[in-house]
Amino acid sequence: MTNLAEDLDELARTLDRDHVFHSWSAQSQLSSLVVASGRGCRVWDHAGREYLDFSSQLVNVNIGHQHPAVVQAIREQAELLTTIAPSTVNLARGEAAKRIIHRAPSGFHKVFFTNGGADANENAIRMARLYTGRDKVLSTYRSYHGNTGAAIVSTGDWRRIPNEYARGHVHFFGPYLYRSEFWSTTPEQESERALHHLRRVIEAEGPSTIAAVLLETVPGTAGIMLPPPGYLAGVRELCDRDGIMLILDEVMAGFGRTGRWFALDGYDVRPDLITFAKGVNSGYIPVGGVVISDPIAAMFDDRVFPGGLTYSGHPLAMASIVAALDAMESEGIVDNARVIGETEIGPALAELADKHAVIGEVRGEGVFWAMELVADRDSREPLPAAVMGRLKSAMVERGLLPFVQDNRIHVVPPCVVTADDVAQAMAIYDEVLSTALEGEADS
């Protein structure tokens, strides 16, 4: 049986190498890690090798792998109706939308469903442009919004540069105190100076040309940077002054990740459009969407919205949303994410930072944390990519699936993670930082 399982792992690798083209990768430099099954915070290959998933795959498996209620809901919906055109009325779609609206701020009553987070941002941008009659979209350099036309150009990181075919995009620097662009020394200074910078960008670009400011409520892939006091409220004020729409991207931060249903619940801000995907159903079926404020939704009561998707509101995805959100509520999963962040992850990461000089900063909340690794704490020089690659390999060898981005290890387990899971992961981080960095940094 073991030989058969190992053969299946090798078959999977062979088929993948021969026929699968992977995203964001040089195809000759791919991982050979096989995942065949999962449950909760753990996954296995065919041979039974177990891994503790502290990446939530792409920070989306918030409810954990193979939650029985969600799997059962998909199974039951598949028996009833597997697919239907988006122009029809379907009960599962209505129930999913109702549950999402229940978690949104007041003044939101409509949801437009998409296939994922990228096209959620794409359509939110379209709505803002149509509503305002303006073109430009402002977003930060430290951001990721997806890999479709406008979404990738709204993105600030390197992936934007080979994909700059969409028009009307302007970037600015958001707050990031650890590497402040504004010479700030306190969160309050960073907030004030970042807002001044944004105000000047708006003035320089021409307020009457700007349709929207697009922000991740808590930037995820860019570094899990919690907005400093007053920043999001200040952005809202700048937008209101000039009739600019505020789009908050909750694709990664939403549905439990920060220990709240929406990350924006922790800040004094009400956007005009909210985008979501990932955690809304933990990625069990591809889905995303835009939660639309009432004034924008009303514009299209008697005017055709020029956008749509064949799989908008797909029944299997809708059933998975209903089951996932119901289970998250009944099982206290969002509260678990908040408590585990406060009592387990945060304190444990602080201990690691005290022990290992290579950790320049720890930041986060809920199950949404980052360790920023540096070659030198005084200069804050980022740890090189080759070293980060070695750290990642060392963690996988020890049975931990990490999320490594640039010079950071993102600590992003499912919201169902337990104290024992956290202790196991922290022991692996500790061992790797103690043994895999010889000659690179003091630890």
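In this predicted model, seven strands form an open sheet in the order 4-10-9-8-7-5-6, with mixed pairing. As general background, sheet strands pair through backbone hydrogen bonds, and the pairing can be parallel or antiparallel. Going from one strand to the next, the twist averages 20 degrees.

Which strands stand at the edges? They are strand 4 and strand 6 (169-172), each with a single partner strand, so one side of each is left without a neighbour in the sheet.

If you would like a concrete pair to look at, try strand 9 (residues 273-276) and strand 10 (residues 288-293). These two run antiparallel and are joined by 4 bridges. Within this pair, Phe276 stands opposite Gly289 of strand 10.

A helix also lies across part of the sheet. Helix 8 (residues 231-242) lies across strand 6, strand 7 (210-216) and strand 8 (245-249). Relative to strand 7, helix 8 runs at about 170 degrees.

Now for the spaces in the model, starting with the enclosed kind. The count comes to 1 cavity of 30 Å³ or more. This largest cavity has a volume of about 160 Å³. It is lined by 13 residues, and those closest to its centre are Thr140, Gly174, Pro175, Glu216 and Pro219. Strand 7 and helix 8 are the elements that give two or more residues to this lining. You have already met both, since helix 8 lies across strand 7.

The second largest pocket holds about 530 Å³ of space. Its lining has 26 residues, and the closest to the centre are Pro86, Lys110, Val111, Phe112 and Phe113. Which elements each supply at least two residues of this lining? They are helix 4 (91-103), strand 4 (108-114) and helix 9 (294-299). Strand 4 gives the most, with 5 residues. That brings us back to the edge of the sheet, where strand 4 has a single partner strand.

Here are the two linings by residue class:

| Space | Nonpolar | Polar | Charged |
|---|---|---|---|
| Largest cavity | 7 residues | 4 residues | 2 residues |
| Second largest pocket | 14 residues | 9 residues | 3 residues |

To follow all this on screen, you could begin with strand 4 at one edge of the sheet and look for the pocket that it lines with 5 residues. From there, strand 7 and helix 8 will take you to the lining of the largest cavity.

Key
Residues are numbered from 1 along each chain as its sequence is written. This is a predicted model: local features need pLDDT of at least 70, side-chain atom pairs count only at pLDDT 80 or more; totals for chains, interfaces and linings use all residues. Side-chain values use heavy atoms; hydrogens and water are left out. On a 1 Å grid over the protein atoms alone, a cavity is a set of points where a 1.4 Å probe fits but cannot get out, and a pocket is an open set with protein on both sides within 12 Å along at least five of seven lines; lining residues have an atom within 4 Å of a point. Grid points are joined across faces, edges and corners, and a volume is the space filled by probe spheres set on the points. Ala, Val, Leu, Ile, Met, Phe, Trp, Tyr, Cys and Pro count as nonpolar, Asp, Glu, Lys and Arg as charged, and the others, Gly among them, as polar. Two strands pair if DSSP finds at least two bridges between them. Axes are lines fitted to C-alpha atoms, for helices over the stretch in contact, and angles run from 0 to 180 degrees between N-to-C directions. Contact means heavy atoms within 4.5 Å.
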